[in-house]
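Thanks for coming. I have one structure to go through today, and I will start with a single strand and work outwards. Please have a look at it first.

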Amino acid sequence: MKKIIAGILVAILAILVVGCSKAGDTKANVTETTVKREVVKIKIGTLPTEDTLPIYVAKQKDLFEEAGVDVEVTVFNSAQERDAALQAGQIDGFMGDILAAAALEQGGIPISIVSILLGSQPTEGRFGILASPKSDIKAVEDLKGVPIAISSNTIIEYVVDGVLSENGFTDGDIKKIEIKKIPVRLEALMSGQAQAAALPDPLLSFAEAQGARLITDDTKGANLSHTILLFRDEFLSENQEAVKGLLEAINDAIVLINVKPDSYRGLLVEKAKLPEPIAESYPVNLYPQVQLPAKDDVERLLDWMVKKNIIKDGLAYEDIVNQEVQPN
């Protein structure tokens, strides 16, 4: 009888061992399947600006990898090169401005804005008008009738028109000269060839450090300038969950930056190509959480574009803004 009982116990133990082994194998297979989930590659175009910092922090901290996306960043020297790459399908999306998004949409390249990256408040992403160190311009009133160096039909011109209108200028009071390339515009300002010029940060801060006088900027009043992230609609329709994961990773990177901004100064200096004289003093931005631009801000810009004959009337907020991929 003892031998029979011992035999039964051995058989039961064998069954339990096999069962545990199969359960372990099943668990291992589930884990392996989870680890081997498909990673979606996302190609994003940028310019060398401060707006890109959250993307580079997300890459540095492997936040995109955790979200299941492989982000490839391509840096372009001009917005024209960036836009051409999007049209050719060489990139899936880019960081730019609402004006560029609207022009592409009406030009037959269906796109959608998925988030602001800088500019949820007027204080973020500063643009301003500076007076040359060699001019006598001291106050905003002195700009009436003075040619201001700009790049026409761009966000720079929109900001100039906006801030001067808020200061009581009529269309007839505002004079402009075309200097499209920002480095050339900066040089013209500093040499006195242009009495005044419009520049974005960080070059605005650099010009101030070199003796130019800031006359007015867009940090008060209407929210005029935004950096946005957009994607081609074709890519977005096939990769909504991947884009949502990308935005969640950017949100996580923004939290890291905002907790300790100065710890990312070196990365900012490298990626935004900050000039050496302001590399240590230029403030690292606090970045907004992922969100869509306000409808009023977009519609105000679209109205200006129609007035300037950049686009035809009829383009609406809903035509260029995607509300379906916002993180939960």
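Strand S10 covers residues 227–232, and six of its six residues are buried. Keep in mind that this is a predicted model. Which residues sit on the two sides of S10? On one side are Thr227, Leu229 and Phe231, and on the other are Ile228, Leu230 and Arg232. Every one of these is buried, which leaves both faces of S10 covered.

Next, the neighbours of this strand. S10 pairs with strand S3, residues 93–96, in the antiparallel sense, and the pairing has four bridges. One residue pair to find on your screen is Phe94 with its bridge partner in S10, Leu230. S10 also pairs with strand S4, residues 111–118. How many bridges join S4 to S10? There are six, and these two strands also run antiparallel. Here you can look for Leu118, whose bridge partner in S10 is Thr227.

Let me stay with Phe94 for a moment. Arg82 lies over the face of its ring, 4.0 Å from the ring centre. There is another case of a charge over a ring: the charged end of Lys144 sits over Phe169, at 5.5 Å from the centre of that ring.

Now the aromatic pairs. Searching the whole structure gives two of them. One is formed by Phe231 and Phe235, with 5.7 Å from centre to centre and 25 degrees between the planes. Why is this pair called stacked? Because planes under 30 degrees apart count as stacked, and the angle here is 25 degrees. Are Phe231 and Phe235 buried or exposed? Both are buried. Phe231 we have met already, on one side of S10.

On to the helices. Helix H2, residues 53–60, packs against helix H10, residues 240–259. The axes are 8 Å apart, and the angle is about 100 degrees. The two helices are therefore roughly perpendicular to each other. H2 makes this contact through Leu53, Pro54, Ile55, Val57 and Ala58. From H10, the residues involved are Ala249, Ile250, Ala253, Ile254, Leu256 and Ile257.

Last, the protein as a whole. It has 13 helices and 10 strands. Of its 328 residues, 50% are buried. Taking contacts with a separation of 6 or more, 79% are between residues 24 or more positions apart.

That is the end of my part.

Notes. Residues numbered from 1 in each chain as written. Predicted model: local features only at pLDDT ≥ 70, side-chain atom pairs only at ≥ 80, totals over all residues. Heavy atoms only, no water. Phe/Tyr/Trp six-rings, centres within 6.5 Å; stacked < 30°, edge-to-face > 60°. Buried < 20%, exposed > 50% of the residue type's maximum accessible area, 1.4 Å probe, protein only. Lys NZ or Arg CZ within 6 Å of the ring centre and 35° of its normal. Pairing = 2+ DSSP bridges. Axes fitted to C-alpha atoms, helices over the stretch in contact; angles between N-to-C directions. Parallel < 35°, antiparallel > 145°, perpendicular 65-115°, else oblique. Contact = heavy atoms within 4.5 Å.
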